[in-house]
Amino acid sequence: MDKSPAYDPNQAGKIDQQTAGNNVPKSGERPDQGAAPTSDNWSTSPERESMDERPMEAPDTLGAKHKHPILAQPPEEFTGLKLSKPAKVAAGVTAVLKSGAFAFSEDGPVRGTHALLKLNQKDGFDCSSCAWPDPDDHRSVAEFCENGAKATASDAQSDPVGPDFFAKHSLADLSRMTDRDLNNAGRITHPMVLRPGATHYTPIEWPEAFQLVADELNALKSPNEAIFYTSGKVPNEPAYLYQLFVRQFGTNNLPDCSNLCHESSGAALSNTTGLGKGSVTLNDMYEAEVILIIGQNPGTNHPRMLTALQKAKRNGAKIISINPLHEAGLLHFKNPQDFMNPIKALGVLLGDGTPITDVYLQVRINSDQLVMRGLMKCLLEAEALNPGQVLDQGFIQEYTTGYPELVETLNNTSWADIEEASGVTKAQIQEAANLVAQHKKIITCWAMGLTQQKNGVYTIQEVVNMHFMKGAIGIPGAGLCPVRGHSNVQGDRTMGIWERPTETFLASLDKEFNFTSPREYGYDVVEAVKALYDGHVKVFMGLGGNLLSACSDTEFVAEGMRKLRLSVHVTPKLNRGHLVNGEMALILPCKTRIDIDMQKSGQQFMTCENSMGVVSMSKGVLEPISDQMLSEVAIVSGIAIATLGERSTVDWVGCTENYDLIRDYVARTIPGFEEFNTKVRHPGGFYLPNGPRERNFTTENAKANFTSTPLEKHVFEPGQLVMMTIRSHDQFNTTVYDYNDRYRGVHNERRVIFLNPKDMAERGIKEKGLVNITSHFAGQERHAEKFIAIPYDIPKGNCAMYFPEGNVLVPIGSVAYKSNTPTSKFVIVTVAPVELPVGTQIPTSDRVAVPA
């Protein structure tokens with residue numbers, strides 16, 4: 001990278017200070033989102049003409065651990081289970097103490113405190129965990145949650161994982177460490193290579209690493225023999241360059257973590273509202289009169305959302321929670337921020353906190369669709385008794401199509417079917433409907449509890465139907481709120497990380513960079529894994545993430561990974577996905593958002609898009625622990641230069657030396673990013689265009705489309721249960737920080753399964769007894785051995801396990817209708833007790849798993 005960009009950083013992104021704050025909406029106002037057209041992928045791309053619907057053969061889940069010395073699943077050793085009563089209050093004193101403990105234990109009080117004080121601040125860095133938005137206006141000194149503190153401490157860790165570490169530990173040894181111990185080992189400091197036949201990673205210089213990737217890519221018979229995976233942790237700038245490099249290389253094989261989480265949201269929303277994103281702002285949450293939270297556990301997965309819910313409650317909002325488990329964050333909340341208020345501090349210490357849920361519907365797994373139909377049936381009945389007072393007939397007539405067909409569908413759905421499948425009574429649904437009927441400022445939030453269901457797309461479409469009936473969209477305090485998981489997963493899709501790009505987007509790339517983008521659709525995650533298994537893929541590159549542990553059917557994924565010629569992992573820390581490889585592998589250590597990123601033009605910043613469409617800057621604050629760690633931008637550019645050479649017109653060197661150049665590229669190719677460098681320097685960033693937020697429905701017919709969804713009745717064989725995978729409190733996505741699930745009362749252990757006590761009694765399973773679990777799909781069986789049974793308040797006929805431990809049971813061929821998302825929230829299983837020798841006891845001490 002010896003040439004400099006023809007670019008003047010002094011002229012880039014100058015701010016008009018008089019207009020710097022104009023994008024901040026006041027309470028009750030809509031944000032300024034510009035005049036650009038709404039940019040979305042789902043809304044303008046046709047559905048696939050064909051999809052790989054093969055169920056695929058079940059892998060040998062029991063024999064794999066004996067056949068392969070490098071384990072694809074976490075080790076089976078127990079770490080010492082202790083149980084306590086599930087919590088009824090989230091956050092509070094314990095969360096404050098835990099946040100501080102994580103920050104200080106990893107990197108000392110000075111470095112840790114400095115990082116936390118800059119976390120989610122307008123002049124600091126964006127949290128690398130969840131995508132919940134930051135306030136537009138005032139931000140507190142501690143604008144983070146317990147999980148944000150854990151993620152920050154993990155990113156800031158100064159323990160080195162370098163050549164000496166890899167020389168000491170073989171891949172087989174590393175695979176016998178727990179996922180927690182792999183993550184907590186430290187930051188990777190040097191590029192490492194696994195050469196053919198080797199058992200250990202060894203050091204490699206950056207130029208050789210780039211050339212190795214280039215040689216393997218350029219030796220492929222077709223660009224489609226390579227797969228380029230992306231994690232939602234990747235900021236906008238490297239994501240944009242990554243998709244640009246991949247398309248100039250010649251393929252659309254860009255599967256990403258969206259395929260595994262909110263793809264169902266995009267599929268449901270694009271054809272109904274015209275935008276595969278939510279339509280609300282954080283201020284809308286405060287204005288709402290009724291908030292529905294469906295298939296989401298904010299106390300663990302999006303803790304800062306509890307602050308918004310608390311504020312809404314104090315403003316008079318009613319909250320309806322629909323979930324198979326009673327989660328602490330949906331019951332009561334003690335806001336740690338209240339400790340800073342002398343008047344409120346005592347109440348936080350002594351009281352029960354703010355009650356969150358007014359109506360709690362404990363629904364059976366995968367039956368939310370029926371509950372929503374029941375709710376709408378109640379609204380129809382109320383409208384018949386009070387014409388014009390319950391439903392928004394004006395909105396329905398002016399903006400929508402398909403309403404008569406929906407009414408017919410609702411009338412043809414019996415209450416007997418609703419109650420039988422959902423486990424929720426008509427009276428309970430009526431109680432929730434009474435709240436909805438009285439108000440118009442309604443927001444519905446959902447997460448993977450819906451999107452990973454078999455009928456997840458249809459369930460979300462029913463949510464949309466209810467909002468259209470009420471006219472509860474496009475007005476302050478009302479709208480749709482899919483709560484994204486990883487912090488920039490929504491931004492990556494906006495940047496073009498998608499296997500099915502629109503013609504409009506590809507044409508803009510072609511014009512800007514003078515090449516012809518591939519038009520053939522690429523692989524999504526499920527199709528990519530099937531192609532790996534078939535041996536059709538030779539090179540896998542992961543820009544962050546852990547596909548092995550994130551995807552369903554762990555051993556199936558592992559078998560595909562072992563057939564690769566080369567795996568390339570761009571990552572700051574170790575995970576299990578770096579251990580299961582084919583002939584060769586590279587680990588390329590990258591900086592995180594917390595690291596100061598100095599390039600030729602000075603310190604750089606990057607940008608992220610949160611769940612509500614706000615794009616803001618993120619600027620590192622800590623010195624990197626090694627000069628061998630490169631930025632993601634530099635790594636992508638280095639590989640692109642080595643691979644494409646003179647074939648590319650992109651100024652890869654200039655993009656690395658000054659990220660403003662990347663943002664100028666984005667501004668010219670993606671609607672909504674005009675004057676990107678200027679707008680993103682406004683404190684707090686800027687809102688992207690959002691048609692549904694203004695009742696501008698950019699569907700093909702320019703209408704808000706009601707949907708009459710199909711309904712499948714599932715019949716189970718005797719003894720079968722429906723299992724879902726969930727997160728523990730001490731993890732974020734596949735990253736495990738510790739073994740505890742404090743709110744559910746599970747401590748120092750992850751190999752557990754939550755069961756209804758009646759289901760346990762019917763099967764002769766004792767509390768803390770060992771069980772084996774078998775999943776059943778298309779005549780196939782998959783097995784998971786030696787899990788500890790825990791009686792829990794979960795609907796009869798349902799059970800739950802943590803992921804990634806439970807992923808081995810989720811069939812790769814079991815996917816949601818339309819979105820092709822793995823059905824991690826609908827797995828049919830049987831559970832059987834394990835007979836232990838007399839005197840055998842499961843460890844219940846405080847010992848931890850022994851590292852290799």
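**Exercise 1. Determine how strand β10 pairs with β11, and place both strands in their sheet.**

Step 1. Strand β10 (residues 332–334) and β11 pair in the antiparallel sense over two bridges. Helices (H or I, at least four residues) and strands (E, at least two) are DSSP runs, numbered from the N terminus, and two strands pair if DSSP finds at least two bridges between them.

Step 2. T354 in β11 is the bridge partner of F333.

Step 3. The open sheet has three strands in the order β2-β10-β11, with mixed pairing. Because β2 (90–91) and β11 (354–355) stand at the edges with a single partner strand each, one side of each is left without a neighbour in the sheet.

The structure is a predicted model, in which local features need pLDDT of at least 70 and side-chain atom pairs count only at pLDDT 80 or more, while totals for chains, interfaces and linings use all residues. Residues are numbered from 1 along each chain as its sequence is written, and side-chain values use heavy atoms, with hydrogens and water left out.

**Exercise 2. Identify the strands that pair with β33, and give one bridge for each.**

Step 1. Strand β25 (residues 721–726) pairs with strand β33 (residues 827–833) in the antiparallel sense, over three bridges. Here V829 of β33 is the bridge partner of L721.

Step 2. Strand β30 (residues 770–777) also pairs with β33 in the antiparallel sense, over five bridges. In this case A832 of β33 is the bridge partner of N772.

**Exercise 3. Describe the largest nonpolar core and the surroundings of L586.**

Step 1. A nonpolar core is a set of buried Ala, Val, Leu, Ile, Met, Phe, Trp, Tyr and Cys residues joined through side-chain atoms within 4.5 Å. Buried means under 20% relative accessible area, exposed over 50%, and partly exposed in between (1.4 Å probe, protein chains only).

Step 2. The largest core has 63 residues, of which L217, F228, Y240, F245, L586, L588 and F673 touch the most other members. Helix α9 (residues 236–249) gives the most to this core, with eight residues.

Step 3. Apart from this core lies another, of 54 residues, among them L370, L380, A382 and I429.

Step 4. Neighbours within four places in sequence aside, the contacts (heavy atoms within 4.5 Å) of L586 include M192, I204, L212, L566 and H569.

**Exercise 4. Establish where N488 lies, whether it is buried or exposed, and what it contacts.**

Step 1. N488 belongs to the loop between β15 (479–482) and α22 (489–494).

Step 2. N488 has a relative accessible area of 0%, so it is buried.

Step 3. Leaving aside neighbours within four places in sequence, N488 is in contact with G232, V234, P235, N236, R593, T607, C608 and E609.

**Exercise 5. Characterise the salt bridges E146–K150 and R663–E237.**

Step 1. A salt bridge is a side-chain nitrogen of Lys or Arg within 4 Å of a carboxyl oxygen of Asp or Glu. The whole structure contains 44 salt bridges.

Step 2. E146 and K150 meet through their side chains at 3.2 Å, N to O. They are four residues apart in helix α4 (residues 146–156) and therefore separated by about one helical turn. E146 and K150 are both buried.

Step 3. In the salt bridge of R663 with E237, the closest N and O atoms are 2.9 Å apart. This pair links distant parts of the chain, with R663 in helix α29 (residues 660–669) and E237 in helix α9, 426 residues apart. R663 and E237 are both buried.

Step 4. A network of salt bridges links D52, R54, K530 and D534.

**Exercise 6. Analyse the aromatic pairs F228–F249 and F395–F697.**

Step 1. Rings of Phe, Tyr and Trp (its six-membered ring) pair if their centres lie within 6.5 Å; planes under 30 degrees apart count as stacked, over 60 as edge-to-face and the rest as tilted. The structure holds 24 aromatic pairs.

Step 2. F228 and F249 are edge-to-face, at 6.2 Å centre to centre and 70 degrees between the planes. F228 lies in strand β7 (residues 226–230) and F249 in helix α9, 21 residues apart. F228 is buried, with a relative accessible area of 1%, and F249 is buried, with 7%.

Step 3. F395 and F697 are edge-to-face, at 6.2 Å centre to centre and 85 degrees between the planes. Because F395 lies in helix α16 (residues 393–399) and F697 in the loop between β23 (686–687) and β24 (704–705), the pair ties together parts that are 302 residues apart in sequence. Both F395 and F697 are buried.

Step 4. F395 and F697 belong to one aromatic cluster with Y399, Y403, F468 and F706.
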